[in-house]
Each structure stands twice: as C-alpha cells, then as structure tokens.
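The following exercises concern a single protein model and are to be worked through with its coordinates at hand. Each task is followed by a stepwise solution.

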Amino acid sequence: MADTTQHEDGAPVAPTPLERLAEAHRVGTTFKGWDGRPARVAPETLVTVLAALGVDASSDASIGQALTDVEDGPWRSVLPAVVVVRRSDLDPVVLHVPVGAEVEFWAVDEDGVPYTGTVGDATGARTVDGRALEQREGTLPHALPLGWHTLHARVDGRETSSTFVVTPDRLSTTAALRKHRTWGLMAQLYSVRSSGSWGIGDLSDLGQLAQAAAAHGGGFVLVNPLHAAEPVPPVEPSPYLPTTRRYFHPLYLRIEDVPEYARLDDAARARISALAAGFTTANTATELLDRDSSYAAKLEALELVFAHPLPEQRQHDFDAYRAHQGQGLADFALWSALAETYPPGAPEWDDVGRPGSAGAREYAERHAERIEFHEWLQWLLDEQLQEAQLEATGAGMRIGVVHDLAVGVHPSGADAWSLQDVLASGISVGAPPDMFNQHGQDWSQPPWHPERLAASGYAAFRDMLRNILRHAGGIRVDHILGLFRLWWIPQGAAPGAGAYVYYDHRALIGILVLEAERAGAVVVGEDLGVFEPGVQEYLGERGVFGTSILWFEQDEDGPLPPEAYREGCLTTVTVHDLPPSAGYLAGEHVALREKLGLLSRPVAEEQAEDRAVQEKFLALLRQRGLLAGTPDVRQTVEALHAFIAQTPSVLLGVALADAVGERRTQNQPGTNDEYPNWRIPLADADGRAVLVEDLAGNERFASLVASLGLPPADGEAAGPIA
C-alpha cells in the first residue's frame with residue numbers, strides 16, 4: 001500500500017504503533033517526495049487524518065485501544081456492511097455469529113427474487129466484548145444477476161441485512177467499441193455559442209455541436225463537467241469545483257426550448273425576448289465570458305416560466321421525476337433555497353441544521369414553493385440533456401454525449417452539506433509535492449470518507465453516477481486514480497503535510513462499471529500522473545478506457561512511437577490544461593507561466609527545453625512521413641492528429657479549439673484570479689468568434705477531421721452502442 005522507508009544503511013524501519021494503526025485503516029505512512037525518494041508521513045499528520053476517519057490516536061493508550069478495535073470491529077456485526085463482487089467471482093461472505101448458533105443465509109435480488117445460500121462450518125473463533133463468536137462462510141448460487149441486492153442472515157431467529165452488489169467482470173461497451181474505432185470532439189460547452197445562446201453555450205448548442213461532429217463521422221462529444229454551481233450569481237467559473245456532482249447547472253438551459261415558454265402571455269414573452277436580445281452582441285464577442293450576467297437573465301426568465309401552471313400531463317411527468325429522484329433531489333433543492341439567501345457560514349445554517357433535522361424540515365415547509373422551483377429546474381435540465389443525447393445518436397453517433405465527472409466538490413456546496421455523513425470533515429484533497437510542484441497542491445475539496453461511504457452501501461456514489469449517466473453515452477472520470485487513493489491534507493496544513501488514504505477500488509470501480517453497463521455507456525478514466533503499479537492494468541481489465549496525451553507520451557528515449565500507445569484508450573493531442581495546439585507550438589504555455597511567475601528557472605532555459613522536446617516529436621512526425629518541408633501551424637496541427645490516428649487507440653479526441661485554430665489557454669493550473677481560467681470564448685486563428693452553426697462550413701474543421709483518415713461510420717457501426 002505504501003513505500004517502505006529504510007535507514008541510510010538500507011535496513012527497513014520498523015513501523016511505530018501509530019503507523020501500524022494508520023496502515024490498518026488504509027492510511028499510507030510513506031510517500032514519494034518531490035525528489036522521488038520515499039518520505040515518511042509526520043506523526044501529527046497521521047493523528048489528524050485518523051481523527052477525520054473517526055479513530056482516536058491522540059495517546060499511546062488510545063492507539064492501543066484503537067488497534068484492538070481494528071481486530072474486533074468486523075466480529076461485532078453478523079454481516080459486512082456491504083459486499084461488492086464480480087459476476088463470475090461470488091466469493092463466500094464472511095459471517096460472525098455466536099458459537100454454535102443456528103444460521104440461515106440468503107439474498108434477495110432487486111426484483112424481489114430470493115436466492116438461498118448455505119453456511120459452512122466455523123473457520124475461526126474470537127471472544128469479543130465477552131461473547132464467544134465464530135467465523136463462518138456463507139455461499140450464494142452463481143445465478144445471481146448483476147445489480148443491487150440485499151443479503152440476509154437469520155441467527156437464532158434474529159434477522160439482519162446488508163447491501164450486496166454484483167458487478168460486471170468487464171464493461172461490455174468497451175468490447176463493442178473495439179470493433180468500431182471512432183473519433184469525437186472535446187469542448188468546453190460554455191465557450192461554444194450560437195446565435196440563439198444567451199452569451200454562454202447551452203444544451204441546445206450541445207445538440208447542434210454533436211450533429212456537426214456526426215456529419216463528419218464523429219462518434220462522441222466530450223464536454224466539461226456540467227455540474228451545478230451556486231444557485232444564484234456570482235458563480236464559480238471552474239466546472240471542476242461544483243457545489244454538487246449529482247445535479248446540473250441551470251446556466252445550460254435553453255429558455256426557448258422549455259415547452260411552457262410557448263404558452264406564456266404576451267408580456268412575459270416580450271420580457272424574455274428582451275432578455276435574450278441583450279446577449280446578441282455577447283454571442284459573437286471574443287472578450288471574457290460573463291457567466292453571472294447570463295445566469296441572472298436566465299433565472300429571471302425561468303421565474304416567469306415557472307409562474308405558468310403545468311398542463312396535467314406535464315405535471316404528472318414532473319411529479320414522476322421528483323419521485324424517482326427522491327430525497328437526494330429534495331435535499332439539493334433545499335440547499336439551493338438556503339444558499340440563494342444565506343452565505344456560507346451564516347448563523348442561519350446552524351438554525352436549519354443537518355439534512356433531515358427538525359430545523360431543515362421546518363424550513364422546507366415554509367419555503368416549499370422555492371424548493372419546488374429548484375426541483376423544476378433540474379427536471380428541465382433532465383429533459384434537455386435527454387434531447388441533446390437523442391440528437392447526437394439520431395445523427396449517427398455511436399456514443400453521443402460523454403460527461404466529465406469532477407474529482408470533488410466545493411467545501412461549502414450542496415454535496416458538502418447534504419452528504420456530510422459520508423464525507424470527511426476537516427480534510428481537503430490535493431496532491432503531494434512532486435517535481436512539477438515542490439510545495440504540493442490543495443484542491444480545497446472534501447473527500448469521501450471510505451469507511452462511512454462503504455457502511456452506507458455506496459448509495460451516494462451510485463446515485464451520483466446514475467444521474468449523470470441517465471442521458472449520456474459515456475463518462476470521463478477526472479483523476480480516476482482518486483478511486484484508488486487520495487492525498488488527504490488536514491485543514492490548515494501545508495499541501496505537503498498530508499497522507500494518502502486508500503479506498504476499496506474494487507468496490508468503487510465495480511460500481512462505476514455496473515452503472516455504466518446498465519446505461520449502455522463507456523467509461524474513460526483520466527489516469528495521468530503518479531500512480532501505483534497495476535492501476536492502469538486493473539482499469540483496462542475492467543473495461544475502463546485510459547487517457548493518453550501526445551505531449552506526455554515519452555520516456556527517457558524520447559517520444560513513444562504510435563504503436564506503443566494503448567488500444568483501450570482515449571488518445572488526444574492536447575488537453576484543457578494546455579494551450580490549444582497552435583498556442584502550444586508557439587510556446588505560449590511557457591510565456592504565460594513566465595508572465596504569471598510560475599517558473600522555477602530562467603525563462604530562456606524553459607523555452608529551450610520546450611523547443612527541444614517539441615522538435616523531438618516533430619522529428620518523429622517527419623520520420624513517419626507526416627510532415628515535410630516548412631509546414632505552417634495548421635499543417636503541423638493536422639500532422640499531429642494524423643500521428644495519433646496511427647496509434648491503436650480505439651477513441652481519438654479532437655479539441656474543438658484545435659479544429660477552429662484557437663490559440664488561447666482555457667485553464668492555467670496553479671492559478672485562480674491571476675488568469676481568467678474557464679472564461680475564454682471559442683474563436684478562430686484570427687481572433688473571430690466561432691458559432692456552432694459556423695462549423696458546417698468551416699473548412700479548417702473539416703480538414704483537421706480528414707487528417708485522422710478514419711472511414712465514415714458505416715451501417716454496421718452507426719447507431720448507439722447499447
């Protein structure tokens with residue numbers, strides 16, 4: 001689980017009781033420092049991280065008691081809180097019962113069908129809390145289907161139950177796609193506008209974008225996370241710091257596509273038309289995007305539409321959506337109603353209390369209409385997301401819309417409030433010091449509490465995935481390595497003063513694969529960065545696509561040849577944390593970092609190394625016959641895409657910014673307000689705004705896609721994968 005520390009003479013260092021306790025709770029006691037050498041986690045960090053896990057390690061006596069509890073804990077429950085297995089690997093379930101007890105064991109699948117199990121003889125014994133207990137194994141029939149089931153045990157007439165999840169061995173959509181290699185667009189949706197947008201790209205624009213890609217044989221369109229931000233302006237610009245990962249941002253609604261808009265009276269229609277007209281110029285502007293103005297106008301328009309009663313059938317559909325979403329939607333809408341009135345940390349939050357408290361119920365009753373408004377917004381988003389996916393697959397895309405799942409959520413957001421029982425408090429997620437950032441990184445996001453999440457049956461994780469995949473052909477999981485381990489930083493500590501906390505990746509990946517299988521969706525894991533041996537292999541084994549970025553695919557001998565790339569992979573030339581390819585080739589990433597004071601050595605050295613690395617890649621392109629003479633920037637960008645097309649990777653990604661000649665960086669890691677991250681509208685090489693409807697006749701777009709050399713979708717390959 002962690003690197004072994006050693007004395008200078010090479011002898012291993014014996015772990016302390018505190019370190020043994022940490023390891024027992026899957027907290028790493030060592031990590032690789034920025035210099036690549038093993039470093040030992042500070043004792044005070046281990047104490048704080050263990051406290052966040054609910055383990056008292058504040059004294060020698062408490063450490064001793066906690067070590068005993070680690071051994072005794074599983075014996076105190078008849079059944080594990082949750083069991084997640086592969087379909088072909090139904091291992092026996094361990095039960096802990098009184099010695100000689102009469103035990104019945106069975107499972108009930110999610111359709112109510114019972115499956116009788118058998119219980120073997122004792123395989124171990126232990127006295128816990130003065131009770132003589134024995135360990136026995138329960139075996140279930142292999143006929144159990146995929147899904148979320150319930151384990152039952154009756155011990156001496158007393159019944160107990162727990163969650164039992166049967167997951168696919170391997171995601172079947174992955175195998176289906178290996179026969180039909182495809183490419184897709186990657187876009188920051190908010191930056192992609194049309195003449196009908198309100199200054200920000202929306203879900204109607206997404207449908208049009210998918211159709212534009214499909215017209216050139218594209219199989220998917222991958223967009224930034226569409227997770228909800230704050231319920232009212234000002235909103236966080238980063239799509240990777242949302243308030244929730246389960247629900248979506250009303251900023252992306254197209255007002256005119258709401259059915260009730262057509263039924264408004266003349267005055268309301270006139271007001272909404274006036275609001276829309278205010279963004280006619282903004283749609284073609286190339287200065288920074290203004291989310292707050294767009295969102296404020298849309299909220300005013302949505303209030304007018306919400307005031308119009310729903311027809312009977314529409315009301316029935318809305319009620320059905322609310323019932324399907326259940327308490328999760330109610331809690332999110334309640335938080336939204338609170339957050340649009342009270343700032344984070346306001347005393348009113350204490351008055352309301354936790355979700356489900358008397359204060360929360362009383363507030364919900366007094367503000368029922370406002371809560372219904374926020375539930376209604378999510379229903380509209382659900383409808384428009386469905387329409388976008390239908391437009392994509394109807395145009396011939398095999399996959400359609402691929403959503404991006406952020407690593408975590410805002411510490412003052414909806415999930416942090418409504419899911420506080422399964423999130424760790426006093427902790428934020430980040431990254432340890434490495435050669436690129438010797439101070440480490442703090443992403444200010446609370447992590448899943450691994451033990452409490454498991455004890456809840458992984459319900460919040462499942463519901464999040466299920467809602468994102470309702471109307472999607474795929475999901476990209478940002479920093480999927482976080483399902484294996486996360487760097488926990490105690491509140492107030494420096495980013496480097498943290499520790500890795502390890503998760504049950506078999507359970508988390510299994511649930512991810514199960515929900516994707518049921519949705520007929522593909523999964524792409526962003527598996528870049530520092531990870532332990534075997535991680536990429538495990539993901540590939542479960543049918544999860546990896547990620548390759550051309551500029552990162554190199555070793556000590558230089559750039560990797562295309563044959564060395566992975567087949568089960570989404571391979572691209574660039575990514576949103578780098579400039580578009582035209583800007584990258586011009587070294588704008590180095591110039592920007594120098595301007596912002598982010599370089600750790602003279603800019604001339606950085607530029608020289610960058611040019612040398614680029615030249616190695618370009619030399620490989622020349623060797624492959626993809627580049628000749630003195631090419632211009634456009635020809636070089638097309639050659640780079642022709643290169644990734646020579647890899648065996650099943651999925652190829654084309655950044656929309658590359659397809660139109662954009663040069664500006666969308667996001668500069670390591671900055672906040674120093675650079676206008678996530679606020680750059682789509683423009684071409686000459687700095688002119690590019691609208692969605694312009695893509696059909698955009699020669700540069702068509703030429704770049706043609707450079708991939710992929711055949712158009714044929715009859716067998718066309719249509720959704722599921």
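**Exercise 1. Determine which element gives the largest share of the lining of the second largest pocket, and characterise that lining.**

Solution.
1. The model is a predicted one. Begin with the element: H13 supplies five residues, the largest share of the lining of the second largest pocket.
2. Place H13 among the other contributors. The elements giving two or more residues to this lining are helix H3 (60-72), strand E3 (82-86), strand E4 (93-98), helix H13 (450-455) and helix H15 (505-519).
3. Give the extent of the pocket: its volume is about 1,300 Å³, and 38 residues line it.
4. Locate the centre. Pro74, Pro80, Ala81, Glu451 and Ala454 are the lining residues nearest to it.
5. Classify the lining by residue type: 23 are nonpolar, six polar and nine charged.

**Exercise 2. Establish how the buried residues of H1 are arranged about the helix axis, and what they pack against.**

Solution.
1. List the buried residues of H1: Leu18, Glu19, Leu21 and Ala22.
2. Viewed down the axis of H1, these residues fall within an arc of 160°, so they line one face of the helix.
3. Identify the partners: the buried residues of H1 pack against strand E2 (38-40), H2 and H3.
4. Inspect what comes after the helix: Arg26 follows H1 and has a positive phi, near 60°.

**Exercise 3. Carry out the corresponding analysis for H2.**

Solution.
1. In helix H2 (residues 43-52), the buried residues are Thr45, Leu46, Val49, Leu50 and Ala52.
2. Their arc, seen down the axis of H2, is 155°, so these residues line one face of the helix.
3. The cover over the buried residues of H2 includes helix H1 (17-24), strand E15 (427-431), H13, strand E18 (485-490) and strand E19 (499-502).
4. After H2 comes Gly54, with a positive phi near 90°.

**Exercise 4. Decide whether Glu638 is buried or exposed, and state which residues it touches.**

Solution.
1. Glu638 belongs to helix H20 (residues 633-644).
2. Its relative accessibility is 16%. Because the cut-off for buried is under 20%, Glu638 counts as buried.
3. Leaving aside residues up to four places away in sequence, Glu638 touches Ser703, Leu704 and Ser707.

**Exercise 5. Describe the largest nonpolar core and a second, separate one.**

Solution.
1. The largest nonpolar core has 173 residues, and Trp376, Trp488 and Leu656 have the most contacts inside it.
2. A second core, separate from that one, has 19 residues, including Leu79, Leu95, Val97 and Val166.

Note on methods: Residues are numbered from 1 along each chain as its sequence is written. This is a predicted model: local features need pLDDT of at least 70, side-chain atom pairs count only at pLDDT 80 or more; totals for chains, interfaces and linings use all residues. Side-chain values use heavy atoms; hydrogens and water are left out. On a 1 Å grid over the protein atoms alone, a cavity is a set of points where a 1.4 Å probe fits but cannot get out, and a pocket is an open set with protein on both sides within 12 Å along at least five of seven lines; lining residues have an atom within 4 Å of a point. Helices (H or I, at least four residues) and strands (E, at least two) are DSSP runs, numbered from the N terminus. Ala, Val, Leu, Ile, Met, Phe, Trp, Tyr, Cys and Pro count as nonpolar, Asp, Glu, Lys and Arg as charged, and the others, Gly among them, as polar. A nonpolar core is a set of buried Ala, Val, Leu, Ile, Met, Phe, Trp, Tyr and Cys residues joined through side-chain atoms within 4.5 Å. Buried means under 20% relative accessible area, exposed over 50%, partly exposed in between (1.4 Å probe, protein chains only). Contact means heavy atoms within 4.5 Å. The arc is that of the directions from the helix axis to the C-beta atoms.
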